[in-house]
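The following paragraphs lead the reader through the interior of a protein model, from one helix to the cores, the backbone and the cavities.

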Amino acid sequence: MTGSRSTAHELISTVLDQGTVQSWDEPIDIAHYPREYQQELERARQRSGCDESVVTGRATVQGRSVAFIVSEFRFLAGSIGRDAARRIVNAIRRATTERIPLLASTASGGTRMQEGTPAFVGMIDISRAIMDHRKAGLPYLVHLRHPTTGGVFASWGSLGHVTVAEPGALVGFLGPKVFELLRGTPFPPGVQVSENLLQHGIIDAVVRQEELPKLVEMALTVLSDPVQEERLARRPKIDLDTHTYDVWDSIERSRSGTRAGVREILRLASDVTLPLQGTEEGERDRTIIVALARLDGVPCVVVGQDKKAQTPQTPMGPGALREARRGMKLAEELGLPLVTFIDTPGAELSASAEERSIAGEIARCIATMSTMTVPTVSVLLGQGTGGGALALLPADVRIAAQHSWLSPLPPEGASAIVHGHVEAAAEMAEQQRVSSIELMRSGVVNHLIAEFDDDTPQALATAVAAEVSHWLRVLHAAR
């Protein structure tokens with residue numbers, strides 16, 4: 001499948017609200033270029049209907065203000081020369097000054113060969129402007145069209161907070177035709193295609209052009225809208241002085257396949273959920289969920305261990321923790337609260353995990369969460385085994401569901417180490433004080449969520465969301 005080549009004006013007409021487009025493009029003087037190149041530029045202008053390979057300006061998408069940069073492939077294959085680079089940088093700088101989210105839609109073969117190295121290094125100026133926009137806490141959304149290759153993909157096409165591509169689009173570093181001419185052999189098929197990039201965690205979604213306005217609206221709802229009124233009710237507190245419990249019963253409940261997980265919480269309690277996929281660095285681990293969300297009307301970044309995706313065959317590996325750190329970085333950069341959900345039988349134990357730095361990733365998650373400046377809430381939702389659980393625990397507020405628990409090893413493992421067999425697992429769970437009640441008494445967690453014997457997964461998920469959103473509001477008000 002190969003993507004279709006839409007023009008800049010077609011993209012603008014489809015995505016931007018009619019009647020809202022304001023051009024930021026200044027006239028470009030080509031008189032200083034060699035005559036032969038001037039003639040080539042004039043032909044490109046006549047062919048494309050644009051004076052350069054990019055169109056910039058301001059508009060609204062679903063009523064929300066955005067600055068836009070849209071490539072025009074018909075103008076010398078969307079290549080970026082010095083004038084195009086300056087136009088892009090000026091648009092980014094203006095968007096930063098006016099504090100407007102930025103939407104880029106690329107379709108380009110990369111650097112303009114007719115201008116060579118002076119145009120090539122312009123990608124540095126564009127990237128620097130993008131990073132200044134991001135440092136200002138402003139959203140940058142990227143839409144990759146067919147085709148996007150070369151220096152564009154290797155600079156401003158790969159720096160978005162959220163990055164999507166159209167179906168079947170050719171997206172890659174080196175164009176396949178150039179590869180074949182240089183190497184004398186065709187580039188492997190199916191690699192530089194948007195769907196394959198999604199599978200490898202390089203982009204967040206494959207989105208048809210007509211679906212792009214809705215995605216932009218969803219992203220900006222989380223990234224730009226204020227906190228809404230609370231609607232979910234919290235459960236009454238547990239009286240620790242009178243409460244009795246059976247820790248092994250809690251452990252068995254936490255391992256139930258029907259118990260509520262992060263997916264249920266997002267489905268039932270988030271007004272808007274925009275999943276993000278992968279590390280952006282060629283890894284995707286489905287055992288963790290990273291999403292932009294609005295939990296009970298509070299915008300946040302959610303990082304949650306997906307209990308249903310973690311099996312003996314698919315344990316939570318280093319890539320999952322790198323995805324978690326992507327979520328942490330995103331929250332910090334955009335000034336959004338971070339919410340983590342802990343629910344894991346443990347991180348991957350294998351030679352591959354060791355070689356991919358499982359211990360280092362646990363350490364870096366702990367270090368990152370421990371030093372964040374945005375509000376943070378962690379939720380011990382079910383199983384909390386080992387370093388994989390500890391990685392998502394540090395937070396301003398730590399909450400535990402009543403039948404959740406936290407332990408250096410599964411109780412069976414602790415029993416094997418101490419007793420040489422697993423039969424003393426329940427006894428070890430008691431001795432190690434792994435239960436949420438003991439965690440509360442020792443100050444490891446700050447708040448408990450009561451669970452009832454007749455709880456449905458939906459009821460528990462709603463109760464967890466209510467407690468999280470309450471504390472997000474408390475932390476927001478204290479800022």
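A residue is called buried when its relative accessible area is under 20%, and exposed when that area is over 50%. The model under discussion is a predicted one.

In helix H1, which spans residues 8-15, the buried residues are Ala8, Leu11, Ile12 and Val15. Viewed down the axis of H1, these residues fall within an arc of 100°, so they line one face of the helix. The spacing reflects a general property: an α-helix has 3.6 residues a turn, so residues three or four places apart point the same way. The buried residues of H1 pack against four strands, namely S2 (54-61), S3 (64-71), S4 (102-108) and S5 (140-149), and against helix H9 (212-224).

Helix H9 also matters to the account of the nonpolar interior. The largest nonpolar core holds 66 residues, and those with the most contacts inside it are Leu16, Val216, Leu292, Val301, Val303, Met328 and Leu338. H9 provides the largest share of this core, with 8 residues. Apart from it lies another core, of 31 residues, which includes Val89, Ala104, Met123 and Val171. Returning to Leu292, and leaving aside residues up to four places away in sequence, one finds among its contacts Val162, Val222, Leu223, Val272, Cys300, Val301 and Leu336.

The backbone has some points of note. The peptide bond from His146 to Pro147 is cis, with omega near -15°, and Pro147 belongs to strand S5. Two residues other than glycine have a positive phi: Gln62, near 55°, and Glu280, near 70°. Gln62 sits in the loop between S2 and S3, whereas Glu280 is in the loop between strand S9 (270-276) and strand S10 (288-295). Gln62 counts as partly exposed because its relative accessibility is 44%; Glu280, at 33%, is likewise partly exposed.

There remain the enclosed spaces, of which 2 cavities reach 30 Å³ or more. The largest contains about 40 Å³ of space and is lined by His243, Tyr245, Ser250, Gln402, His403, Ser435, Ser436 and Ile437. This lining comprises 6 polar and 2 nonpolar residues, with no charged ones. The second largest cavity contains about 30 Å³, and its lining has 7 nonpolar, 2 polar and no charged residues. Among the residues that line the second largest cavity are Leu103, Leu141, His143, Val162, Thr163 and Leu215. S5, strand S6 (162-165) and H9 each supply at least two residues of that lining.

Terms used
Residues are numbered from 1 along each chain as its sequence is written. This is a predicted model: local features need pLDDT of at least 70, side-chain atom pairs count only at pLDDT 80 or more; totals for chains, interfaces and linings use all residues. Side-chain values use heavy atoms; hydrogens and water are left out. Buried means under 20% relative accessible area, exposed over 50%, partly exposed in between (1.4 Å probe, protein chains only). The arc is that of the directions from the helix axis to the C-beta atoms. Contact means heavy atoms within 4.5 Å. A nonpolar core is a set of buried Ala, Val, Leu, Ile, Met, Phe, Trp, Tyr and Cys residues joined through side-chain atoms within 4.5 Å. On a 1 Å grid over the protein atoms alone, a cavity is a set of points where a 1.4 Å probe fits but cannot get out, and a pocket is an open set with protein on both sides within 12 Å along at least five of seven lines; lining residues have an atom within 4 Å of a point. Grid points are joined across faces, edges and corners, and a volume is the space filled by probe spheres set on the points. Ala, Val, Leu, Ile, Met, Phe, Trp, Tyr, Cys and Pro count as nonpolar, Asp, Glu, Lys and Arg as charged, and the others, Gly among them, as polar.
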